[in-house]
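Work through the exercises below with the sequence and the model open. Try each task before reading its solution.

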Amino acid sequence: MGRRTEVGPEVDPALFQQNLMEWYRVHARKLPWRGAVDPYCIWLSEIMLQQTRVASVIEHYHEFLLKFPTLLALALAPEQDVLAAWSGLGYYRRARMLHKAAQFITEELGGVLPTNSVALRTLPGIGEYTSAAIASIAFGESVAVVDGNVERVLLRLTGRSEDRTAAGRAFLRSTAQELVPGAIDAGSATKPGVGRKTKQIAVGRPKRNPPGDHNQAMMELGATICLPRAPLCLHCPVRSLCMTKGEHSTFPRAKLRSREVAFLLSVRKRGVATEVLLAQRPAEASLMAGMYELPPLPLDAEADEMASREPLLRIRHAITNTNYYARIYAPMGPSDKALRRAVPIAKADLHWIRTATLLQLPLTGLCRKVLQRLDVMPVRPLRAPIAEEKHVAGFHSQSSKGSPVIDEDEDHDSF
DNA sequence: AAGTCGTGGAA
DNA sequence: TTTCCAAGACT
């Protein structure tokens, strides 16, 4: 069992670790969750980072923590508020499972996040990767993470070809595990930091955390040096140990499909408030259940009605392996009711939403993108009411072609 | 055990 | 323009 047969005789784990960590100490990016002590923050960052780019996570991480500063605060919040804070990040099931897990921890585990990978693995939304990430980064457990970055690094390092079978995954897991340094005995550690009483602190975690740092260094290497297409081998700290020097072949992906879709953008004034008509997706929908979007316009029977119009906006929106080519149509004036009649009332759960409250609603990414691009809703939360007035004024005065028509005299009972 | 689930940025 | 794919989990 002590043999290093998995990584081959030429890879010395100690040498690999040392080269990697020297590089990491110098080149690690400064990220908001790096150095976090609160396991809740580390948990949140790992969930957000699942299949999601660092830049996108940074845009949401801070706001989410302002809104839900502690595990308890998250557990007590309504799911709609959690989804609203997640809006734009995608994979909304992650937010639902995070919320569920927080409630379970609060009700059944005394509000304390489990401190080892096996126990973490049982929580909703925490799989093999995430359990290892939290356990190593927050609690110093010597367990290897295998994400897309690590997988690519290890395949190139060892020369193995991509293999998505159980055997392939087992190889990656065991190889990664051989390279992880051992945990530091908590008993001999420097004293743990003291934090607020409402927050769980990683008690027993030493200041130095070799497993957690190593895991992050492996991912950092994959994200910044061992790139998918053109790896920067000249800058790689472990190139002398690498079997392939960057060669890497992968399986072909499923090709993208295309779909045409259309949405209605209807805006009206109610006193000083501006409102926009949105539809709430059914709770049982498999895609973005319960979230709000612009009312969909059926493309079949009403095709002629739209054919004579020019869409206010054309936008491409990809979901998984489908490219949605979306057209946004707006009424041409207060008397233009044809578009609204095209919305199937029976199927759509329609609501007039004040634009000032849009940021508190769980909007689909496409809806949020359209409303922000057309300046119907702010890009970021506005603190001062004065700034909000200004923004609305800006929307009214905007006269460019992208400006939606405001219906000044909308009938209350249209829907 | 393949399919499904979002989004945006880079090439 | 199209293609790729990112700190995966669940069914």
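**Exercise 1. Describe how DNA strand C meets the protein.**

Solution. The model is a predicted one.

Step 1. Start with the atoms of DNA strand C that lie within 4 Å of the protein: 61% of them are sugar or phosphate atoms, and the rest are base atoms.

Step 2. Turn to the protein side. DNA strand C is surrounded by 30 residues. The closest are Leu49, Gly125, Thr130, Asp147 and Asn149.

Step 3. Sort the residues of this surface by class: twelve are nonpolar, seven are polar and eleven are charged.

Step 4. List polar contacts to bases. Trp33 has a polar side-chain atom 3.2 Å from a base nitrogen of DNA strand C. For Arg34, an N or O atom of the side chain is 3.4 Å from a base nitrogen of DNA strand C.

Step 5. Add a contact to the backbone of the DNA. A polar backbone atom of Gln51 is 2.8 Å from a phosphate oxygen of DNA strand C. The elements that contribute two or more residues to the surface near this strand are α2 (39–49), α6 (93–108), α8 (128–139), α9 and α11.

**Exercise 2. Do the same for DNA strand B.**

Solution. Step 1. Of the atoms of DNA strand B within 4 Å of the protein, 49% belong to sugar or phosphate, and the rest belong to bases.

Step 2. The residues around DNA strand B number 22, and the closest are Tyr91, Ser286, His317, Ala318 and Gly365. By class, the surface has eight nonpolar, nine polar and five charged residues.

Step 3. Look for polar contacts. Gln51 places a backbone N or O atom 3.1 Å from a base nitrogen of DNA strand B. The side chain of Tyr92 has an N or O atom 2.8 Å from a phosphate oxygen of DNA strand B. In the side chain of His317, an N or O atom is 2.6 Å from a phosphate oxygen of DNA strand B.

Step 4. Find the elements involved. β6 and α14 are the elements that give two or more residues to the surface near DNA strand B. β6 gives the most, with four residues.

**Exercise 3. At what angle does α9 cross α11, and at what angle does α9 pack on α10?**

Solution. Step 1. Helix α9 covers residues 148–158 and helix α11 covers residues 210–224; their axes come within 8 Å and cross at roughly 80°. Angles of 65 to 115 degrees count as roughly perpendicular, so α9 is roughly perpendicular to α11.

Step 2. Name the residues that meet. From α9 they are Asn149, Val150, Arg152, Val153 and Leu154, and from α11 they are Met218, Met219, Leu221, Gly222 and Ala223. Seven residues of this contact are nonpolar, two are polar and one is charged.

Step 3. Now take helix α10 (residues 166–179). The axes of α9 and α10 are 10 Å apart, and the packing angle is about 85°. These two helices are therefore also roughly perpendicular to each other.

Step 4. In this contact, α9 supplies Val150, Glu151, Leu154, Leu155, Leu157 and Thr158, while α10 supplies Phe171, Leu172, Thr175, Ala176 and Leu179. The contact of α9 with α10 has eight nonpolar residues, two polar and one charged.

**Exercise 4. In what order do the strands of the four-stranded sheet lie, and how do they pair?**

Solution. Step 1. The sheet is open, its order is β5-β1-β7-β6, and its pairing is mixed. At the edges are β5 (296–297) and β6 (313–319), each paired on one side only.

Step 2. Recall the general rule. Strands of a sheet pair through backbone hydrogen bonds, either parallel or antiparallel.

Step 3. Check the parallel pair. β1 (residues 257–264) and β7 (residues 322–329) are parallel and share eight bridges. Leu264 has Tyr329 in β7 as its bridge partner.

Step 4. Check the antiparallel pair. β6 and β7 run antiparallel and are joined by seven bridges. Ile319 is opposite Thr322 in β7. The two strands form a hairpin with two residues between them, and Thr320 in the turn has a positive phi of about 55°.

Step 5. Place the helix. α14 (residues 365–373) lies across β1, β6 and β7 and runs at about 150° to β6.

**Exercise 5. Describe the hairpin of β2 and β3.**

Solution. Step 1. Strand β2 (residues 267–270) and strand β3 (residues 273–280) run antiparallel, joined by four bridges. Arg268 is opposite Glu275 in β3.

Step 2. Two residues lie between the strands of this hairpin, and Gly271 in the turn has a positive phi of about 65°.

How values were computed
Residues numbered from 1 in each chain as written. Chains lettered and ligands numbered in written order. Predicted model: local features only at pLDDT ≥ 70, side-chain atom pairs only at ≥ 80, totals over all residues. Heavy atoms only, no water. Axes fitted to C-alpha atoms, helices over the stretch in contact; angles between N-to-C directions. Parallel < 35°, antiparallel > 145°, perpendicular 65-115°, else oblique. Contact = heavy atoms within 4.5 Å. Nonpolar A, V, L, I, M, F, W, Y, C, P; charged D, E, K, R; others polar. Pairing = 2+ DSSP bridges. Near = heavy atom within 4 Å. Polar contact = N/O pair within 3.5 Å; in protein donor to acceptor, adjacent residues only side chain to side chain.
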